[in-house]
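Grab your viewer and work through the exercises below. Try each task yourself before you read its solution.

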Amino acid sequence: LKRWETRGGRKSFDPRVVEAGRTAHYLAIANEEGDLLAAVADMDIFRSISPDYILTRAAESIRRARLIVVDGNLPLETFEVVLQIAREGNVPVFFEPTSVSKGKLVARSGLLNNIDFISPNELELRAMVECLLPPDRPVADLQLSQLFSVVLDSGV
């Protein structure tokens with residue numbers, strides 16, 4: 001943060017230190033073309049970001065922000081609070097699903113209509129659309145543009 005601040009950046013609130021927590025880790029193994037072969041992640045630290053923490057330590061910063069970026073690892077109940085505060089401040093929200101399962105969780109929750117921007121890869125997008133369509137409509141048959149239309153129709 002000191003380096004960020006010396007370059008003109010400003011922090012909105014003091015970061016939380018979780019004494020017994022481990023820093024999030026992600027290890028990916030890719031082939032020569034850059035395609036993912038396997039990955040291992042430890043994102044447990046995100047569970048320490050509770051709705052109460054957001055309400056007591058970050059709400060005012062969220063309301064004053066020009067854009068909020070939310071990682072899919074944030075617990076859903078915390079994400080809901082962030083979205084509520086962002087709406088109150090008329091602050092746009094950018095969501096990065098980070099995985100198929102986390103994208104599906106948000107799609108099933110009905111929160112997509114509160115998100116302004118998303119950046120899923122094709123697998124995440126297909127999984128999210130699968131949650132939005134009736135079970136009798138196969139996602140595999142849809143072109144990429146049709147997948148985006150489904151998400152846009154959901155409110156994003």
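**Exercise 1. Work out what share of the protein's residues is buried, and how its surface is made up.**

Solution. Start with burial: of the 156 residues in the protein, 32% are buried (under 20% relative accessible area, with exposed meaning over 50% and partly exposed in between; 1.4 Å probe, protein chains only). Keep in mind that this is a predicted model, where local features need pLDDT of at least 70, side-chain atom pairs count only at pLDDT 80 or more, and totals for chains, interfaces and linings use all residues. Residues are numbered from 1 along each chain as its sequence is written, and side-chain values use heavy atoms, with hydrogens and water left out.

Next, the surface: the accessible area is about 10200 Å², and carbon and sulfur atoms own 52% of that (Shrake-Rupley method, 1.4 Å probe; for residues, only the protein chains shown count as cover).

**Exercise 2. List the secondary structure, then sort out which strands pair with which.**

Solution. Step one, count: there are six helices and five strands (DSSP runs numbered from the N terminus, H or I of at least four residues for helices, E of at least two for strands). Along the sequence they read α-β-β-α-β-α-β-α-β-α-α.

Step two, the antiparallel pair: β1 (residues 25-30) and β2 (residues 36-42) are joined by six bridges (two strands pair if DSSP finds at least two bridges between them). In this pair, I29 sits opposite A38 of β2. The two strands make a hairpin with five residues in between, and G34 in the turn has a positive phi of about 90 degrees.

Step three, the open sheet: three strands line up in the order β3-β4-β5, with parallel pairing. β3 (68-71) and β5 are the edge strands, each pairing on one side only. Four bridges link β3 to β4 (residues 93-96), and V70 faces F95 in β4.

**Exercise 3. Place N121 in the fold and decide whether N121 is buried, partly exposed or exposed.**

Solution. First, locate it: N121 lies in the loop between β5 (117-118) and α5 (122-132). Then check its cover: the relative accessible area of N121 is 42%, so this residue counts as partly exposed.

Now look for a partner: the N121 side chain reaches the backbone nitrogen of L123 at 3.1 Å. Finally, try a distance: N121 and V106 are 15 residues apart along the chain, and their C-alpha atoms are separated by 15 Å.

Key: Polar contact = N/O pair within 3.5 Å; in protein donor to acceptor, adjacent residues only side chain to side chain.
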